[in-house]
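Me: I have a structure to read. I would like to ask how its labels are earned.

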Amino acid sequence: MRQVVLAAPFLIGSWFGTGQPDDKATMWIAHMGADGAFAAQFRSCVKGQPLDEFETGSWRLDGDTETINVRTVNGTSSSQDDTYKILSHDGQKQVYRYLRDGYVFTSNRVDDKFEMPSCEAIS
């Protein structure tokens, strides 16, 4: 039996990425806490205007499988579990596959004070 690690040290911190399935005008930043808490901001750019969504919840790692438990979306209660397989991780960049649809995401470590870029920055 594999040991479940609540908060793997190599995932703790802030991670920024761009792109979603069928939509390259999106970006996200996720803050992964050492206590297993997470907070994420997702931004879609529509006609140059940002549409933001904020999620909070918890995360855990079991081997190379990361599970995100979303508990609030824009301050409203939610109950969604998202599972990802970590394909590679070097401390500064991680590549992972969303198991529900197979889409591969890439994110890079950023400073905890990093702020989401404007929509003009990715268009």
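Me: Which residue does a disulfide join to C45?

Reply: C119 is the partner, with 2.2 Å from S to S. This is a predicted model, where local features need pLDDT of at least 70, side-chain atom pairs count only at pLDDT 80 or more, and totals for chains, interfaces and linings use all residues. Residues are numbered from 1 along each chain as its sequence is written, and side-chain values use heavy atoms, with hydrogens and water left out.

Me: What makes the link of C45 to C119 a disulfide?

Reply: A disulfide is a pair of cysteine sulfur atoms within 2.5 Å. The sulfur atoms of C45 and C119 are 2.2 Å apart, so the pair counts as a disulfide. The structure holds one disulfide. The link of C45 and C119 is left-handed, with -85° about the S-S bond.

Me: Which parts does the pair C45 and C119 tie together?

Reply: C45 lies in strand 4 and C119 in the segment after strand 9, so the pair ties parts that are 74 residues apart in sequence. Strands are DSSP runs (E, at least two residues), numbered from the N terminus. Both C45 and C119 are buried.

Me: Why is M32 called buried?

Reply: Buried means under 20% relative accessible area, exposed means over 50%, and partly exposed is in between (1.4 Å probe, protein chains only). M32 has 7% relative accessibility, so M32 counts as buried. M32 is in strand 3, residues 23-32.

Me: Which residues does M32 touch?

Reply: Contact means heavy atoms within 4.5 Å. Not counting residues up to four places away in sequence, M32 touches L11, I12, G13, W15, A37, F38, W59, E66 and I68.

Me: Is R43 buried or exposed?

Reply: R43 is buried, because its relative accessibility is 11%. R43 sits in strand 4. Beyond its neighbours within four places in sequence, R43 has contacts that include P117, S118 and C119.

Me: What does the side chain of R43 reach at 2.8 Å?

Reply: The side chain of R43 reaches the backbone oxygen of P117.

Me: Why does P9 count as exposed?

Reply: P9 has 65% relative accessibility, so P9 counts as exposed. P9 is in the loop between strand 1 (4-5) and strand 2.

Me: What is notable about the phi of K47?

Reply: K47 has a positive phi of about 55°, although K47 is not a glycine. Most residues other than glycine have a negative phi. K47 lies in the loop between strand 4 and strand 5. K47 counts as exposed because its relative accessible area is 83%.

Me: Where is N74 found, and why is N74 called partly exposed?

Reply: N74 is in the loop between strand 6 and strand 7. Its relative accessibility is 46%, so N74 counts as partly exposed. N74 also has a positive phi, about 50°, and is not a glycine.

Me: How many residues of each kind make up the lining of the largest pocket?

Reply: The lining divides into 17 nonpolar, six polar and seven charged residues. Ala, Val, Leu, Ile, Met, Phe, Trp, Tyr, Cys and Pro count as nonpolar, Asp, Glu, Lys and Arg as charged, and the others, Gly among them, as polar. On a 1 Å grid over the protein atoms alone, a pocket is an open set of points where a 1.4 Å probe fits, with protein on both sides within 12 Å along at least five of seven lines; lining residues have an atom within 4 Å of a point. Of the 30 lining residues, Q20, W28, F42, E55 and Y84 lie nearest the centre of the largest pocket.

Notes. Helix = DSSP H or I, 4+ residues; strand = E, 2+ residues; numbered from the N terminus. Polar contact = N/O pair within 3.5 Å; in protein donor to acceptor, adjacent residues only side chain to side chain.
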